[in-house]
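Please open the model in a viewer and keep the selection panel at hand. The tour below proceeds one selection at a time.

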Amino acid sequence: MMELNKCYGWSKFIIVVPSIAIREGVAKTFEMTANHFQEEFGKKPRSFIYNSDQLHELETFSSDASVNAMIINVQAFNTIKQGANNKAARKIYAEMDDFGSRRPIDVIRRNRPILILDEPQKMQSKNTLESLSYFNPLFIMRYSATHKREYNLVYRLDALDAYNQKLVKKITVKGVEVKGLSGAHSYLYLQDIEVSSSDPTARLDIEEKTKTGVKRRVRRVQKGDDLYTLSNQAAQYKDRYVVAEIDARDQSLTFTNGIKIHVGEALGQIDEQLMRTIQIRETIRAHLDKERLLFDQGLKVLSLFFIDEVAKYRQYDDQGNRIDGEYAQIFVEQYQQLVNEMVGLNIENDAYLNYLSEIDVDRTHNGYFSLDKNKHMVDPTTKNFVDEELGGKVSLTDDIDAYDLILKDKESLLSFPEPHDSEETRHKKNVRFIFSHSALREGWDNPNVFVICTLKHSENTISRRQEVGRGLRLAVRKDGMRMDANHLSKGDIHLINNLTVVTNESYTDFVTNLQKELAAALSSRPTKATKDYFYNKVLTLDNGSKHEVSERDADMIVHYLIKNDYIDFDNHITDSYHEAVNNDSLAPLPEALAPLTNQIVKLIGGIFNPKDLEGMTENDNKTTHNPINENNIKRKEFLELWNLINHKAVFEIQIDSEKLIAQSIQSVEAAAKQRNNNFVESLSYKLAQSTQRDTITHEELTARQSFDSPTTSTESADVSIRSQVKYDLIGSLSEQTDLTRRSIVTILKGINNGIFAQFKNNPEAFIREVARLINEARIKMVIQGLTYYTTDQTYPINEIFMSNQKIPSDSLKVSRHVFDYVATDSSIERRFAQELEGAIDDVAVYAKLPDRFKIPTPVGDYNPDWAIAFNEGKVRHIYFVAETKGSMVDADLREKEKYRIESAKCFFDALNLKASEDNSLAGQAVKYGVIDSFDELLKLVG
């Protein structure tokens with residue numbers, strides 16, 4: 001809306017929504033983003049909800065010159081469908097005395113508003129579409145993730161693009177899988193496996209005999225434990241239920257009787273109540289794990305339970321008093337057990353545990369359902385009208401009540417209690433667990449939903465895609481900061497933004513069905529990287545100019561993909577391509593295409609392979625907690641190393657303008673000489689002539705071979721075929737290089753006249769190539785003139801090394817790392833970690849530095865790989881920060897990577913200078929280098 005106003009002056013917009021829930025969500029969005037648009041556009045949109053009793057808003061809508069948005073739900077004007085009894089809705093078409101005997105619809109239609117339909121698949125009926133025409137719209141835009149019909153698609157951001165661009169959370173699935181035991185009724189549920197420096201232990205949910213009957217309890221077990229003894233001699237565990245092996249690699253536990261159980265599996269006879277108990281407990285566990293990690297960062301964690309019957313959460317006695325339903329009772333019991341276990345750690349001065357212990361269990365969960373006249377929660381059934389498009393019966397009045405807190409008071413759900421809050425406000429802010437009806441779909445979400453649990457039978461009416469969609473928005477900190485690429489590094493976004501789904505089916509079943517739904521929605525996307533796919537695509541460059549992909553360009557792109565094994569025999573994009581993109585290690589494109597790298601990568605990203613969906617989810621049962629190795633992280637050697645490198649810094653750049661101009665001229669002339677003075681290709685056009693054959697067969701006609709092969713000739717475009725386009729050569733180069741117009745003029749004057757004359761032959765290519773060469777020269781000089789200044793700011797060690805983050809269960813078990821396990825990104829890193837582990841005489845302690853440890857550079861933030869402290873020998877300690885690369889040859893490293901490494905060298909030089917001036921650090925220094933093996937490391941440290 002703001003861009004349409006900026007570009008075309010259009011200012012009247014109507015947002016049509018299918019339900020009051022979505023209407024309130026849209027209104028809230030306008031309220032929360034008003035200041036943002038004021039900053040971006042110098043104005044903010046004026047918005048209001050249409051109300052037939054407040055028609056003065058329409059007067060302002062018509063007369064005000066700024067951007068105006070009216071929000072209206074379809075029921076407010078779709079009288080044909082609802083019938084004459086809906087008097088409020090019919091007012092929009094009635095002449096009204098208090099409105100100057102005018103009809104509201106006539107006042108609206110004179111504005112020729114632009115209609116924006118939010119979730120148009122809910123407004124597909126003939127009557128609704130006819131009613132939309134009464135607004136006399138200039139045009140209609142339809143906005144949805146699940147269109148039933150595409151009219152004229154102008155923009156697409158589908159599930160895969162959103163994930164790859166890190167605009168949504170990553171999905172982790174905790175599947176609870178039931179497996180029967182033939183001839184036995186022994187109940188077992190393997191909750192998780194814990195690893196430490198000693199043998200692994202498992203937490204196993206078993207049945208125990210008590211004086212009052214059989215009760216289920218989670219017990220920590222290790223190799224050799226006998227369940228028959230642990231259960232007070234429960235008969236079902238008498239047949240050799242002795243723990244034979246606990247394997248953290250495949251997350252399994254084996255008994256001496258041969259029975260094997262994996263994390264997330266339940267064995268024996270499992271009734272529905274027991275299954276729901278397991279799900280609720282796993283949801284609370286996942287919630288507490290995430291909450292502990294994110295609490296210090298000001299991120300409130302919410303968990304959402306989908307249920308199919310309100311009575312299972314809330315009931316009422318004969319006097320109308322509230323009674324907890326089955327699910328609420330289970331929640332309270334499991335929550336108290338888990339919180340008591342966590343608070344019982346007795347860690348002093350732990351802000352999170354203090355926060356946790358102050359929350360009343362009855363205040364931390366709530367339900368969001370329709371309310372009756374007594375304010376009792378009820379299933380969303382209807383009394384006022386029937387709307388089939390909304391999936392059944394809906395009560396307009398109740399609908400408003402149902403969404404008040406979740407949609408009108410989102411700030412409370414995103415906020416932590418404050419000392420000055422009123423009791424009512426504190427109660428709202430203490431809500432962290434939300435029980436909701438499974439029918440809630442579009443319009444019902446919150447950015448800080450981190451866990452979703454489906455406590456209902458599997459059904460077809462609501463897809464897995466819709467369910468997980470309620471928790472996919474990127475999280476928002478308590479100060480309103482969204483945890484996206486503007487605030488976090490690429491590697492941190494999905495580390496923090498991770499949605500756990502606790503489901504009553506196996507991981508494989510859940511993910512297979514989810515991927516089927518996603519693949520069906522992506523069926524219109526191309527799947528192969530062929531010449532035809534790239535040819536004629538129009539790329540928009542960073543400066544706004546256009547480049548149409550020629551046949552030669554398309555050939556070069558396909559050849560590049562084949563050469564680097566980025567496509568397979570069937571032209572599908574390979575895993576190695578995606579790994580290269582994620583690791584910022586793509587092989588450079590051919591020189592002629594290098595300036596188009598960002599656009600071509602985006603174009604390749606539009607190619608869909610069903611395997612791409614595999615990376616969107618991970619199996620929570622195949623991960624393990626990674627605890628801090630307290631002994632290693634507190635070792636003198638590591639603390640000394642950490643004190644040396646734990647400094648934030650700013651950098652200053654000094655560039656000699658005259659030297660940059662001379663270097664730019666030299667680069668342009670060297671490039672022209674290398675191309676035999678053909679600095680850019682001249683524009684040309686191709687003439688093709690073909691004649692239809694005298695006689696043709698049906699096969700030739702259907703195969704499109706009814707014409708002779710064309711004869712072609714290529715003609716030089718001496719007069720530019722784009723001669724009507726005027727190019728601002730100096731302005732374009734200045735914009736693309738950040739140099740002044742005066743400097744650009746000096747560079748152009750210094751270039752050989754024969755080279756400069758080629759501008760008229762191909763203006764766009766000339767501008768693009770000169771800009772690229774100037775930027776390369778500028779970056780080289782930036783590194784040469786780079787100076788770092790350390791600041792007093794440091795990284796808190798508990799924020800950089802956060803304990804118990806989940807990592808793949810096949811991660812390397814280590815003994816001298818600051819964590820018990822180390823997750824590696826490549827075979828080179830894994831081998832290097834193994835070599836560090838084996839160097840007993842040399843290495844004291846080491847750390848794979850998390851992405852949160854960053855060095856600022858002129859070409860983006862940089863995260864080194866390893867920090868290593870050597871044993872103390874006859875000389876002082878040697879401290880080393882290493883970058884492991886598969887190739888150490890300069891030519892094999894991408895330009896940006898080389899510049900980051902060079903910048904890092906300057907950064908560590910500054911740290912060493914600071915250390916030399918500090919008496920407490922006298923004689924200590926950090927070495928930095930690029931290595932590919934432990935042997936190479938030893939050579940560098942001498």
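Two strands are taken to pair if DSSP finds at least two bridges between them. The model shown here is a predicted one, and the numbering of residues starts from 1 along each chain.

**First stop: a three-stranded sheet**

Select strand 12, residues 252–255, together with strand 13. The two pair in the antiparallel sense, over three bridges. Within this pairing, Leu 253 has Ile 261 of strand 13 opposite it.

Now widen the selection to the whole sheet. It is an open sheet of three strands with antiparallel pairing, in the order 11-12-13. Strand 11 (243–247) and strand 13 (260–262) are the edge strands, each pairing on one side only. On average, neighbouring strands of this sheet are turned by 15° against each other, direction ignored.

**Second stop: a seven-stranded sheet**

Next, display the open sheet whose seven strands follow the order 18-23-15-24-25-6-28; here the pairing is parallel. Which strands stand at the edges? They are strand 18 (365–368) and strand 28 (617–619); each has a single partner strand, so one side of each is left without a neighbour in the sheet. Neighbouring strands are turned by 25° against each other on average, direction ignored.

**Third stop: strand 6 and its partners**

Within this sheet, select strand 6 (residues 170–175) and strand 25 (residues 498–503). These strands run parallel and are joined by six bridges. Lys 174 can be located opposite Val 502 of strand 25.

Add strand 28 to the view. Strand 6 pairs with strand 28 as well, in the parallel sense and over three bridges. In this pairing Thr 172 has Glu 618 of strand 28 as its bridge partner.

Show the side chains of strand 6. Lys 170, Thr 172 and Lys 174 point one way from the strand, whereas Ile 171, Val 173 and Gly 175 point the other way; all are buried. Since six of the six residues of strand 6 are buried, the strand is largely enclosed by the rest of the structure.

**Fourth stop: helices on the sheet**

Select helix 11, residues 326–343. This helix lies across strand 15 (302–307), strand 18, strand 23 (433–437) and strand 24 (449–455). With strand 23, helix 11 makes an angle of about 165°.

Then select helix 18, residues 507–521. Helix 18 packs on the sheet and touches strand 6, strand 25 and strand 28. The direction of helix 18 makes about 170° with that of strand 28.

**Fifth stop: two residues with positive phi**

Most residues other than glycine have a negative phi. Two loop residues deserve a selection on this account.

Go to Lys 166, in the loop between helix 8 (159–164) and strand 6. Although not a glycine, Lys 166 has a positive phi of about 55°. Is Lys 166 buried or exposed? With a relative accessible area of 15%, Lys 166 is buried, because buried means under 20%.

Now move to Asn 136, which is found in the loop between helix 7 (126–133) and strand 5 (140–143). Phi of Asn 136 is near 50°, again a positive value in a residue other than glycine. Asn 136 counts as partly exposed, at 26% relative accessibility.

**Sixth stop: the crossing of helix 27 and helix 28**

Select helix 27 (residues 729–737) and helix 28 (residues 741–750). The two pack at an angle of about 115°, and their axes are 9 Å apart. Helix 27 and helix 28 are therefore roughly perpendicular to each other. Their crossing is right-handed.

Show the side chains of the contact. Helix 27 contributes Leu 729, Ile 730, Gly 731, Leu 733, Ser 734 and Thr 737, and helix 28 contributes Arg 741, Ile 744, Val 745 and Leu 748. The residues of this contact divide into six nonpolar, three polar and one charged.

**Last stop: Gln 736**

Remain on helix 27 and select Gln 736, which is found in this helix. Gln 736 has a relative accessible area of 24% and is partly exposed. Finally, add Ile 774 to the selection: 38 residues separate Gln 736 and Ile 774 in sequence, while in space they are 9.4 Å apart, C-alpha to C-alpha.

Methods. This is a predicted model: local features need pLDDT of at least 70, side-chain atom pairs count only at pLDDT 80 or more; totals for chains, interfaces and linings use all residues. Side-chain values use heavy atoms; hydrogens and water are left out. Helices (H or I, at least four residues) and strands (E, at least two) are DSSP runs, numbered from the N terminus. Axes are lines fitted to C-alpha atoms, for helices over the stretch in contact, and angles run from 0 to 180 degrees between N-to-C directions. Contact means heavy atoms within 4.5 Å. Angles under 35 degrees count as roughly parallel, over 145 as roughly antiparallel, 65 to 115 as roughly perpendicular and the rest as oblique. A crossing is left-handed if the near helix is turned anticlockwise from the far one by less than a right angle, and right-handed if clockwise. Ala, Val, Leu, Ile, Met, Phe, Trp, Tyr, Cys and Pro count as nonpolar, Asp, Glu, Lys and Arg as charged, and the others, Gly among them, as polar. Buried means under 20% relative accessible area, exposed over 50%, partly exposed in between (1.4 Å probe, protein chains only).
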